[in-house]
Amino acid sequence: MNSQLTPLGSELSHYTDQLRELQNSQGQVVEQIDKAKALLHMIKSKITDLGKQLDCIQYSNAINLDIDNWLLNGLQESPDFINSRTHFNIPENQAWTFFFGPYLLANEASNKEKGYRSEFFIVMRDDPSVCTDLHDNYPHPRNICQCVRLLVGSAGIAKGNALVFFPENILCKEKMARQHFALFFFNKFEGIYRTYTLPKVRAVFGEKDALFDSPTWLAGELNTKQFYEARCVWGYLHDLYHHEGPRPFDEHVYIKMKWHLGLMEEIKVDCQTMLTLYKDESLPYRKEAIELILFERLIRYPQELDAEANFDSGTGIFLLEWLMSKSAISFDVHTAQSHIDWQKVLLAIEELVETILSLEALDDENYIEQGRAFISRYLRLETGPKRYAFQEHHHALFPRTALYLQLNFNEIEMY
């Protein structure tokens, strides 16, 4: 199937890349409208072919209806892809699906202003068998997550660090009442970790695994398939903990969308995941997954060029400050060489989880107020375009640079 889908997917990616270059941050086309119209008609034709090939005709018709409505209303208007969002083809395991439409990427791979632009991808769902016992032993109250392997995609998807595809990020005029799917491009993860995270971990903490007393970092020894499976283990437990506690995310999204509360939520569920992996020796890739989680937060996210405005970067800096306050991590500001004490890390993240859960048990007003006060003890919160400000030691550890390597996942071997 790959050989059949790749040529068609590459054509659609090419047309989509041309279209996204004509769009502003609201998905509108205000210049070269005739070129955009021609591209959309070619995209419609190829989407029809793809729908037939994958037996997703109803879904391809929904995409084409949204394109027709956009053309009818004028490309100078923001597109509304409500039909595509409503009728998205959620794949069964080992089945294929695709997407075309205006989408807001968590991480913009180009130099464009962050916003809604056309994206396209073809993926295959692959929930690995290694997670079967995990699903049985840790039942999820509402599992809507799909682990997928990206085959081909437009520039925003196939380059950069974006790993997630959520319905709420599809441009629609109607607000979404409830999230009904979530795709994770987990075969992109190894390229990200080996390029940005692992080299920095080695530079800061040394070549030897300081967590599990191994000659080399355990996560770095995983092969490509194992990387995917370990990331799936992390992803499942992470999402499970989003749906537990005093304020399950799906029921309290109205309040957890506040920046500082969302930051606590993300840190909490990753810490809960690490604690579960540490305590349950039956879990697959438990030590490797702990390293992936801890160092993505601590090391990779703060490297983003827009770190002081980036939500995920904020989680990393907050966790760093928390661990430093508990003497679990220390480093020399002049050499950026660090020390990490795994047993103190465990105690610190357990205390952090308990603290955040206690805040969640408060009423809305106190949850907001005391949550912000808690976060502000570890982050210098800002009110402008920056959400928080780096301190001197953050700059020493994560220096800003204009030379930020752009990954192209069309050129990286992926499982």
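The exercises below, each with a worked solution, concern cysteines, a nonpolar core, one helix and aromatic pairs in a predicted model.

Residues are numbered from 1 along each chain as its sequence is written, and side-chain values use heavy atoms, with hydrogens and water left out. In this predicted model, local features need pLDDT of at least 70 and side-chain atom pairs count only at pLDDT 80 or more, whereas totals for chains, interfaces and linings use all residues.

**Exercise 1. Determine how many disulfides a search of the whole structure finds, and examine cysteine 232 and cysteine 271.**

Step one is the criterion: a disulfide is a pair of cysteine sulfur atoms within 2.5 Å. With it, the search of the whole structure finds 0 disulfides. Cysteine 232 is in no disulfide, the nearest cysteine sulfur, that of cysteine 147, being 3.6 Å away. For cysteine 271, the closest cysteine sulfur belongs to cysteine 145 and lies 19 Å away, which is too far for a bond. Step two is burial, where buried means under 20% relative accessible area, exposed over 50% and partly exposed in between (1.4 Å probe, protein chains only). Cysteine 232 counts as buried because its relative accessibility is 1%, and cysteine 271, with a relative accessible area of 1%, is buried.

**Exercise 2. Check whether the span of helix 12 agrees with expectation or not, then describe its burial and its N-terminal end.**

Helices are DSSP runs (H or I, at least four residues), numbered from the N terminus. The expected span is 1.5 Å times one less than the number of residues, so the 15 residues of helix 12 (residues 311–325) should span 21 Å, and the end C-alpha atoms are indeed 21 Å apart. Of these 15 residues, 11 are buried, among them Phe318, Glu321 and Trp322. At the N-terminal end, asparagine 310 acts as a cap, with a side-chain oxygen 2.9 Å from the backbone nitrogen of aspartate 312. Just after the helix, serine 327 takes a positive phi of about 60°.

**Exercise 3. Classify the aromatic pair of tyrosine 59 and phenylalanine 88, and locate both residues.**

Rings of Phe, Tyr and Trp (its six-membered ring) pair if their centres lie within 6.5 Å; planes under 30 degrees apart count as stacked, over 60 as edge-to-face and the rest as tilted. The search finds 30 aromatic pairs in the whole structure. Tyrosine 59 and phenylalanine 88 are 5.5 Å apart centre to centre with 85° between the planes, an edge-to-face pair. Tyrosine 59 sits in helix 3 (residues 57–73) and phenylalanine 88 in the loop between helix 4 (82–86) and strand 1 (96–104), 29 residues apart. Both tyrosine 59 and phenylalanine 88 are buried.

Note on methods
Helices (H or I, at least four residues) and strands (E, at least two) are DSSP runs, numbered from the N terminus. A polar contact is a pair of N or O atoms within 3.5 Å; within protein, one must be able to donate a hydrogen and the other to accept it, and residues adjacent in sequence count only if both atoms are side-chain atoms.
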